[in-house]
Amino acid sequence: MGKYKEYYPHGIMFHRFHENEPINGSVSIKELETVIEKIGEDRIIKPELWIERCINNSLLDTDVCLTFDDCLKSQYNLALPILEKYKIKDFFFLHTITFNGGYDYNELFFNMINKNYDNFDLFFIEFEKFLQIDESIYSQNKYKVFKNNLTNKFKSYKDSEVKYRYLRNVYFTYNKFINKMQKFFSTKKNKNYNQENIWMTKNDIKHLSDLNHCIGLHTHSHYLNFSELSYDKQRKEYDINKKHLEDVIGKNIQASSHPLGSYNNDSISILKSLDIRCSFRSNNLIPEGHNKINPNQYELARNDISNICCA
């Protein structure tokens, strides 16, 4: 990898980490270290400085922060020791659905796919047969628009991964897709829903905060198409998320990231009313309706780690 040279203030977005075998979209701790060295430690600023510069509109073009979404245990087990080694502090954006025994089904299903199949393509071949999908849906303009939008944002997705996300996000309703996946996996050996080692515990989150990493909002349920929810439902999602996290860490929360990059004007209005000072998108394209990549402090760009590792 050459020296990292993107110059505009933005976050680097991480999700899953692996130690030995990759899980869908995961990176290794070696890749994390390489990226830190490629960006340059001097460019990676602390969350409190990032927030201060957001408030003062004084972020530098060279400023970068590291962000971690979805409350994943692999971030705590594998990434945290590397961050501490380099004395880097960063943002952790956490949903709270798992605090009381609930599931982030999106992450649960990815883990079940990983445990049952050698690769995603093999899973998707079986899943399509199970659904009896008419493949003509992939020739329709609705799918083509979805695919173009997704692959513009995330360069590393394979065809099967794009189709899976189309079925999940667009073709089926959220609850119907969950039901289809549950039925599909009901015949598999590894069909038990086991949260262990998928998501962080409250103690993990408190420890992160005590180490001066910044804990931020990511909605309570991590709903796939958050922008489709009414104002009141969005508000409830953020209210629950904020209360749970602040109860755990004993601090006021000032930052957030939009779940799966899905948000609208209601989302931004709610975040402002909750005294959130900055919020991140899930891509580094210019948002629709704007003429610059960071139009305001609630639509901040992030570059997905897969785009950097693949560069």
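## Reading a pocket, two cores and a covered helix

Mentor: Start with the second largest pocket of this predicted model. Five nonpolar, six polar and six charged residues make up its lining.

Trainee: How is empty space found, and what volume does the second largest pocket have?

Mentor: Rolling a probe the size of a water molecule over the atoms shows where empty space is left. Here the second largest pocket has a volume of about 400 Å³.

Trainee: Which residues lie nearest its centre?

Mentor: Look for Phe17, Ile23, Ser74, Asn111 and Asn197. The lining has 17 residues in total. At least two come from each of β2 (17–18), α3 (73–85) and α4 (105–116).

Trainee: Now the interior. How many residues does the largest nonpolar core have?

Mentor: A nonpolar core joins buried residues through side-chain atoms within 4.5 Å. The largest one here has 46 residues. Ile12, Phe14, Leu66 and Ile205 have the most contacts inside it. Helix α3 gives the most to this core, six residues. Apart from this core lies another, of 35 residues, including Phe110 and Val162.

Trainee: What does Isoleucine 205 touch?

Mentor: Leaving out residues up to four places away in sequence, Ile205 touches Cys71, Leu94, Phe99, Met200, Ile215, Val248 and Ile249.

Trainee: Is helix α7 mostly covered or mostly open?

Mentor: A residue counts as buried under 20% relative accessible area. In α7 (residues 159–171), ten of the 13 residues are buried, so by that cut-off the helix is mostly covered. Among the buried ones are Val162, Tyr164 and Leu167, and also Glu161, Lys163 and Arg165.

Trainee: What covers the buried residues of α7?

Mentor: The cover includes α4, α5 (120–131), α6 (141–153) and α8 (174–185).

Key:
Residues numbered from 1 in each chain as written. Predicted model: local features only at pLDDT ≥ 70, side-chain atom pairs only at ≥ 80, totals over all residues. Heavy atoms only, no water. 1 Å grid on protein atoms, 1.4 Å probe; cavity = no way out; pocket = protein on both sides within 12 Å on 5 of 7 lines; lining within 4 Å. Points joined across faces, edges and corners; volume = space filled by probe spheres on them. Helix = DSSP H or I, 4+ residues; strand = E, 2+ residues; numbered from the N terminus. Nonpolar A, V, L, I, M, F, W, Y, C, P; charged D, E, K, R; others polar. Buried < 20%, exposed > 50% of the residue type's maximum accessible area, 1.4 Å probe, protein only. Contact = heavy atoms within 4.5 Å.
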